[in-house]
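Work through the exercises below with the sequence and the model at hand. Try each task before reading its solution.

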Amino acid sequence: MPAPTPPTPGTARDGRLSYAAFQLARAHRGYAAAMLREMDLHPGQELLLMQLLDRDGQTQAELLDSVGLDHSTVSKSLRRMQEAGLLTRHPAEHDRRVMVVHLTDKGRALQEPLAAMWRTLEETSVRDLSADEAETFVSAAHTITNALAHRGPAADVKGPEAGGK
């Protein structure tokens with residue numbers, strides 16, 4: 001039987017949805033990471049693989065834009081993936097400073113295992129939800145993601161050292 005969801009800490013009582021999203025993301029990421037380890041992948045590498053499976057031969061900059069991870073994470077992931085024989089990186093013909101990324105046969109062979117992983121993750125995630133509840137959740141998650149992406153300047157949150165209360 002799974003461990004019960006921990007109660008929301010008092011400090012987060014005015015942020016129950018945000019705390020629930022944090023707990024959900026942590027649980028989801030943990031389960032996905034365990035499945036990725038079985039494929040000898042690190043979290044985030046599957047995102048790069050999926051982008052390349054959809055369109056091989058992207059530049060590192062294009063991959064960076066498509067996965068929403070920071071430059072150092074993408075660079076480190078691509079280096080590890082190249083060392084594992086999943087992809088190659090070569091300078092672009094039009095500009096030798098630009099690196100173009102291509103999957104190897106070993107990288108392409110992960111397409112079905114990755115698809116199966118996402119199916120399992122989805123099935124497990126929604127197993128106790130109706131189809132309508134799952135669709136409502138997806139819609140709400142997209143709405144929240146868009147609100148956070150277009151939030152404007154960060155709220156002025158001050159700790160005790162800055163004179164806040």
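**Exercise 1.** In this predicted model, find which residues M35 touches, leaving out those up to four places away in sequence.

*Solution.*
- Start with the location: M35 lies in helix α1, residues 16-38.
- Now list the contacts. M35 touches M117, T120 and L121.
- Add a distance. The C-alpha atoms of M35 and P113 are separated by 9.9 Å. Along the chain, M35 and P113 are 78 residues apart.

**Exercise 2.** Decide whether M35 is buried or exposed.

*Solution.*
- Take the relative accessible area of M35: 12%.
- Recall the cut-off: buried means under 20%.
- M35 has 12%, so M35 is buried.

**Exercise 3.** Locate D40, state its phi, and classify its exposure.

*Solution.*
- D40 sits in the loop between α1 and α2.
- Its phi is positive, about 60°, although D40 is not a glycine.
- The relative accessibility of D40 is 68%. Exposed means over 50%. D40 therefore counts as exposed.

**Exercise 4.** Give the strand order of the open sheet and name the edge strands.

*Solution.*
- Three strands form the open sheet, in the order β1-β3-β2. The pairing is antiparallel.
- The edge strands are β1 (58-59) and β2 (87-91). Each of these pairs on one side only.
- Look at the pairing of β2 with β3, residues 99-103: five bridges join the two strands.
- Check one position in that pairing: L87 stands opposite L103 in β3.

**Exercise 5.** State which strands helix α2 and helix α4 touch as they pack on the sheet, and at what angles.

*Solution.*
- Take α2, residues 45-54. Helix α2 touches β1, β2 and β3. The direction of α2 makes about 85° with that of β3.
- Next comes α4, residues 71-83. Helix α4 touches β2 and β3. The direction of α4 makes about 115° with that of β2.

**Exercise 6.** Name the residues that form a nonpolar patch on the surface with L17, and classify I144 by exposure.

*Solution.*
- The patch consists of L17, I144 and L148. Together they have about 280 Å² of accessible area.
- Place I144: this residue lies in helix α7, residues 131-149.
- Apply the cut-offs. Buried is under 20%, exposed is over 50%, and partly exposed is in between.
- I144 has a relative accessible area of 35%, so I144 is partly exposed.

Key: Residues are numbered from 1 along each chain as its sequence is written. This is a predicted model: local features need pLDDT of at least 70, side-chain atom pairs count only at pLDDT 80 or more; totals for chains, interfaces and linings use all residues. Side-chain values use heavy atoms; hydrogens and water are left out. Patches are made of residues with over 30% relative accessible area and no salt bridge: like charges are joined within 9 Å, nonpolar side chains (Val, Leu, Ile, Met, Phe, Trp, Tyr) within 5 Å. Accessible areas come from the Shrake-Rupley method with a 1.4 Å probe; for residues, only the protein chains shown count as cover. A salt bridge is a side-chain nitrogen of Lys or Arg within 4 Å of a carboxyl oxygen of Asp or Glu. Helices (H or I, at least four residues) and strands (E, at least two) are DSSP runs, numbered from the N terminus. Buried means under 20% relative accessible area, exposed over 50%, partly exposed in between (1.4 Å probe, protein chains only). Two strands pair if DSSP finds at least two bridges between them. Contact means heavy atoms within 4.5 Å. Axes are lines fitted to C-alpha atoms, for helices over the stretch in contact, and angles run from 0 to 180 degrees between N-to-C directions.
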